[in-house]
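Here is a short briefing on how two protein chains meet. Have a look at the model first, then follow the points below.

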There are 4 protein chains.
Amino acid sequence: MMIVMKAAATEEEIQSVIGRIEAAGARAHPSRGEEVTVIGAIGDIEHIARLDLEGAPGVDHAVPILKPYKLASNQLRGGERTVVEVEGRLIGGDHFSLIAGPCTVESRDQLLSTARIVRDAGASLLRGGAYKPRTSPYAFQGLGQEGLRLLAEAKAETGLPIVTELMDARDLEPILEVADVIQVGARNMQNYPLLAEIGRSGRTTLLKRGLSATLEELLMAAEYILKEGNPNVLLCERGIRTFETAYRYTLDLTAVPVLKELSHLPVIVDPSHAAGRRDLVTPLSLAAAAAGADGIIVEVHPDPEQAICDGPQALYADRFADYVELVEQAAAVAGKALSAVR
Amino acid sequence: MMIVMKAAATEEEIQSVIGRIEAAGARAHPSRGEEVTVIGAIGDIEHIARLDLEGAPGVDHAVPILKPYKLASNQLRGGERTVVEVEGRLIGGDHFSLIAGPCTVESRDQLLSTARIVRDAGASLLRGGAYKPRTSPYAFQGLGQEGLRLLAEAKAETGLPIVTELMDARDLEPILEVADVIQVGARNMQNYPLLAEIGRSGRTTLLKRGLSATLEELLMAAEYILKEGNPNVLLCERGIRTFETAYRYTLDLTAVPVLKELSHLPVIVDPSHAAGRRDLVTPLSLAAAAAGADGIIVEVHPDPEQAICDGPQALYADRFADYVELVEQAAAVAGKALSAVR
Amino acid sequence: MMIVMKAAATEEEIQSVIGRIEAAGARAHPSRGEEVTVIGAIGDIEHIARLDLEGAPGVDHAVPILKPYKLASNQLRGGERTVVEVEGRLIGGDHFSLIAGPCTVESRDQLLSTARIVRDAGASLLRGGAYKPRTSPYAFQGLGQEGLRLLAEAKAETGLPIVTELMDARDLEPILEVADVIQVGARNMQNYPLLAEIGRSGRTTLLKRGLSATLEELLMAAEYILKEGNPNVLLCERGIRTFETAYRYTLDLTAVPVLKELSHLPVIVDPSHAAGRRDLVTPLSLAAAAAGADGIIVEVHPDPEQAICDGPQALYADRFADYVELVEQAAAVAGKALSAVR
Amino acid sequence: MMIVMKAAATEEEIQSVIGRIEAAGARAHPSRGEEVTVIGAIGDIEHIARLDLEGAPGVDHAVPILKPYKLASNQLRGGERTVVEVEGRLIGGDHFSLIAGPCTVESRDQLLSTARIVRDAGASLLRGGAYKPRTSPYAFQGLGQEGLRLLAEAKAETGLPIVTELMDARDLEPILEVADVIQVGARNMQNYPLLAEIGRSGRTTLLKRGLSATLEELLMAAEYILKEGNPNVLLCERGIRTFETAYRYTLDLTAVPVLKELSHLPVIVDPSHAAGRRDLVTPLSLAAAAAGADGIIVEVHPDPEQAICDGPQALYADRFADYVELVEQAAAVAGKALSAVR
């Protein structure tokens with residue numbers, strides 16, 4: 001961290017800052033310019049996390065030099081990328097993964113018919129929500145335990161590993177019985193007790209970016225999971241909140257190459273929740289694949305007009321195979337091939 | 001809700017929309033213009049929450065007419081404002097409440113000396129964090145149970161009711177033993193299981209606006225608490241995330257009069273976390289009071305340079321009385337007087 | 001427009017709103033619900049533009065139904081897309097156009113060598129700035145007239161039509177002598193006198209989206225040009241301003257399919273200014289092409305390290321041909337082929 | 001500026017950066033840490049403005065240390081604040097200025113009656129638009145020259161100096177004949193040729209912050225005017241664009257104390273355009289005054305329901321005196337008194 005002192009900072013203020021840096025266990029390297037003095041604080045992440053010098057007497061501002069995350073950083077493995085294996089499916093590296101299924105588990109028929117269709121079209125994992133975070137307390141909140149049971153049945157029938165969302169640490173156990181990948185929704189990206197529990201469970205996690213989270217905050221949230229010894233984190237861009245009202249969220253595809261530069265973790269894109277409209281899902285999926293994403297998580301429904309939740313953004317199941325063909329071509333431009341069972 | 005059909009919508013598509021509105025239990029009122037047909041859907045909040053017609057064939061877009069919240073709405077009580085009583089202190093109405101104290105409980109001395117100072121200067125409640133949500137897993141996470149014990153001691157000694165944050169539903173019981181007001185932080189504003197638990201507890205809640213939550217989403221989060229039978233919710237504006245990088249968050253004071261128009265619930269402002277810098281806390285506090293806020297939650301520390309967390313934004317305890325005097329004058333311009341013990 | 005009255009609106013207030021709608025030349029269609037009355041105002045764009053009913057007594061809010069633009073709207077031509085011809089090059093439809101060249105014209109050598117390279121690699125138009133809008137008055141402001149002269153020479157030598165920026169209506173005449181396409185920068189998107197002058201000139205215009213302009217505002221800006229009788233407007237997405245600080249702007253690729261749905265005008269993407277970093281330009285270009293953009297405007301420099309302005313985002317001229325090959329593949333996924341001279 | 005090198009930067013890359021810093025006329029001070037090398041570039045604003053090192057080989061990122069503006073900076077005058085005199089009225093320092101009048105000059109009666117009312121209530125300057133920037137080309141664009149003539153008459157009659165907007169450099173001369181203060185609207189904040197012309201004219205300028213301009217960009221825009229030798233610039237906060245849709249813009253009152261810390265120029269607030277709604281204008285005005293603003297520019301109309309433009313946000317002229325009384329009280333809390341004619 002570089003601490004930029006005010007032009008009017010006194011020698012005493014400079015010494016006080018140096019003292020606080022050293023008290024935190026870091027080393028201080030002052031360099032005195034003509035106009036201002038800049039003090040470098042050199043130490044590890046734990047030392048720096050303890051320093052809170054902005055606002056201290058004589059301090060103009062502090063500039064972080066090193067990234068505040070360590071385990072999520074690309075530097076950890078010297079640029080080698082993490083490839084996660086989920087029941088024989090590889091995610092990351094040269095593999096492009098399709099995670100598909102309904103927004104919400106509604107019924108046995110709906111789930112099983114969708115699962116068969118997405119498997120046959122080339123999806124590697126099945127998504128489906130049993131616990132749903134809803135803005136309104138009056139909206140459908142998911143089938144809960146019954147939904148988990150149906151997901152287990154869909155896995156038994158199709159062989160597809162399951163991605164499903166955990167909202168409450170108290171539901172971790174039943175979720176662990178069914179989920180091959182635990183999804184953390186955007187609203188829970190900074191639910192730290194939840195992240196720590198998932199970290200301790202060791203289960204592969206799809207961590208969605210909060211709707212106004214910076215990439216650094218997303219990586220710090222991943223760090224909460226990684227720190228507990230769970231290395232299997234998939235980062236997920238799902239649209240951020242901006243001033244634009246012509247569509248639900250603004251899908252931030254610049255995040256794809258930037259996250260891959262900052263971190264070794266795979267990057268998945270969710271075009272369905274970003275757009276909120278089916279007609280935008282295909283162009284955004286192609287864009288995500290061409291930008292180098294490691295996969296897409298997309299909503300598919302056999303009869304979207306009758307869907308209980310988010311029907312307008314679900315792809316029609318009977319046209320899903322055509323969609324996959326296009327996405328495969330776009331991924332190929334970025335040098336990736338559809339992930340297959342090993 | 002008004003459903004605006006596309007200019008090219010067919011009669012069949014119009015009838016299908018009407019059918020879906022009626023199936024949800026609402027009534028459909030189509031009005032056919034020269035260019036487009038608009039269909040009104042009339043029903044209560046539960047009916048409307050079930051409708052998800054955007055993206056349906058022939059539908060251009062849907063326009064909500066009624067607010068999606070009911071218990072948080074100003075219409076509930078015909079414009080009468082909620083005044084919450086916490087251990088004899090009134091919050092809301094003509095009362096202006098000062099909630100003050102350290103960001104984090106650090107030690108017995110720090111907490112008790114601050115508590116005495118803020119009580120003597122006119123604060124009605126004592127704030128202090130025992131569980132701290134921190135962006136970095138390497139930063140200090142709060143004293144936990146020991147922090148709660150010290151808060152109980154501070155209350156016993158000064159008589160000030162306690163405001164402290166709950167991050168994890170599994171900590172609800174120990175928090176309920178100490179907290180007169182449970183704080184829900186911005187990162188947890190849409191942690192629905194947490195909100196529902198707090199709702200069931202009945203304890204007064206200070207609900208902070210998420211850093212990119214709309215006012216409607218804040219009120220929907222309040223609705224989760226109210227719906228469980230807990231009417232004592234204080235809304236808290238604490239700065240939103242914008243493109244501006246010259247300060248930590250952008251305090252949104254327009255939210256104060258607008259929340260008071262939309263809802264009967266008291267509105268509190270947190271200038272400390274918004275600004276992140278001590279020198280901005282006084283002007284923003286005065287602005288909040290003049291804008292008509294029902295109170296301020298502000299951080300005070302006997303020795304901010306030594307604070308473990310957020311020291312740069314803490315007011316100096318020994319100058320707190322001067323601050324209160326100015327805030328009192330600004331609140332008076334908006335027609336409010338400092339809340340006193342009954 | 002639908003005017004939603006307050007629940008407490010009086011009959012007199014309703015009649016007053018009806019009167020004002022009719023006075024503006026539109027027709028009023030009230031529909032009285034159980035809770036609120038909604039009044040439709042039916043008329044053309046000019047009538048509706050005169051209505052400013054929000055805030056009138058008894059009015060809760062007004063909801064636009066029709067789009068406020070007419071000539072830019074997709075409905076104008078029944079869904080037929082505009083294909084613009086610039087010196088024999090087609091822009092729009094199934095054509096994918098590459099507009100390439102240096103940020104700023106720096107010297108004869110720099111411009112001519114870049115022009116030859118981009119032409120040989122398949123670019124249809126040459127970009128280059130003679131007048132540069134710079135945030136700092138101390139930064140290089142462009143070569144001005146001398147820059148225009150060099151652009152004319154580059155066109156004579158390579159046959160490439162020229163795209164260059166106009167910042168000041170008083171420079172229109174010299175620009176018209178050189179520019180085949182006039183660029184309007186993001187900062188001038190709502191410089192209405194400039195837009196009207198360009199409209200009157202009839203010259204093809206590349207209109208960049210303001211950095212916090214909604215798509216509707218971009219289309220309204222286009223409408224200022226179209227209204228003067230100039231149908232040749234190219235819309236350009238170049239990144240919007242969000243809270244994210246990990247890169248310069250957030251490229252909004254959702255704008256591509258949405259603009260193509262709302263408007264018949266071609267949509268170009270500028271990945272260079274959005275990213276501000278060379279390493280992001282290729283993935284974002286591929287994403288833009290796969291999302292269905294009608295072209296890309298990209299910065300190329302023979303020696304970016306020595307560029308006077310925006311060197312860090314310029315592609316290396318000697319690797320430009322490889323870039324074009326990839327972009328061509330991505331455009332093909334979206335059904336487009338590189339535009340060729342007729 | 002500090003240039004932070006990548007951990008993997010080679011000695012050659014470090015030397016190349018040092019070479020480029022020196023070639024721009026600045027001095028390079030490398031400091032080599034264990035993990036990364038940081039190179040300080042020391043020089044004046046012109047040198048630094050020429051450096052564009054982000055993206056250069058081996059460079060991780062560049063961190064500005066000094067502000068990019070000089071004449072607008074608080075350091076210019078050692079903390080002494082600018083007080084601008086306009087026809088005997090003082091703006092800045094301990095003075096609180098009310099600039100009031102209609103959004104648009106509509107008629108002789110409307111303007112003159114408003115002018116008399118606002119003068120009698122204590123306003124120091126009269127605002128009124130003759131040239132209006134409108135999002136829609138179909139909306140009323142102002143009375144133009146006739147509007148200017150009426151403003152001159154209003155000044156002759158009431159003695160109030162005139163504030164009116166300039167949109168087009170070609171209208172500068174007629175505006176200079178009437179305007180005591182030239183207003184630059186938010187959409188033109190980065191219209192650099194316009195700013196430079198105004199700078200050369202020497203006339204006092206009210207410069208509105210662009211709707212997504214950072215404070216630094218606002219000060220750089222002011223620098224364009226100041227650099228031409230015109231020291232009389234008033235900065236104006238008028239609301240920024242955020243994700244919130246419950247009101248038109250988000251008034252950013254944190255900008256008030258921060259601009260006063262960064263710059264010596266007076267800071268004015270426009271609550272009318274920020275809110276777009278009359279009922280919010282009073283609380284936001286009080287908040288602005290309490291936050292320490294040097295004045296308010298506010299819209300007043302004798303009959304807002306009949307206003308051609310922005311009627312919903314105009315205060316009723318016949319209640320303006322009550323408004324002024326409250327604002328005066330709020331300004332007093334911040335230590336300011338209503339500006340009077342000398």
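**Where chains A and B meet**

Chain B and chain A each bring 46 residues to the contact. Keep in mind that this is a predicted model. About 4100 Å² is buried between chain B and chain A, and carbon and sulfur atoms give 53% of that area.

**Who contributes on the chain B side**

- P137(B), Y138(B) and R170(B) lose the most area to chain A in chain B, and together they make up 18% of what that side buries.

**Polar and charged links**

- Between chain B and chain A there are four salt bridges.
- One salt bridge joins the side chains of R241(B) and E217(A), at 2.6 Å from N to O.
- There are also 21 residue pairs in polar contact between chain B and chain A, counting pairs with both residues at pLDDT 80 or more.

**Helices and residue classes**

- On the side of chain B that touches chain A, at least two residues each come from α2 (45-50), α6 (192-201) and α7 (215-226) of chain B.
- The largest share of that side, four residues, is supplied by α7(B).
- Sorted by class, that side of chain B holds 19 nonpolar, ten polar and 17 charged residues.

**Symmetry**

- A turn of 180 degrees, with a shift of 0.0 Å along the axis, lays chain B on chain A with an RMSD of 0.0 Å.
- The two copies are therefore related as by a two-fold rotation axis.
- Among the residues of chain B, S212(B) comes closest to the rotation axis, with its C-alpha at 3.1 Å.
- The copies meet through the same surface, because 100% of the interface residues of chain B are also interface residues in chain A.

Terms used
Residues are numbered from 1 along each chain as its sequence is written. Chains are lettered from A and ligands numbered from 1 in the order in which they are written. This is a predicted model: local features need pLDDT of at least 70, side-chain atom pairs count only at pLDDT 80 or more; totals for chains, interfaces and linings use all residues. Side-chain values use heavy atoms; hydrogens and water are left out. Contact means heavy atoms within 4.5 Å. Buried area is the accessible area (1.4 Å probe) that two parts lose on being put together, summed over both. A polar contact is a pair of N or O atoms within 3.5 Å; within protein, one must be able to donate a hydrogen and the other to accept it, and residues adjacent in sequence count only if both atoms are side-chain atoms. Ala, Val, Leu, Ile, Met, Phe, Trp, Tyr, Cys and Pro count as nonpolar, Asp, Glu, Lys and Arg as charged, and the others, Gly among them, as polar. Copies are superposed by least squares on the C-alpha atoms of residues with pLDDT of at least 70 in both.
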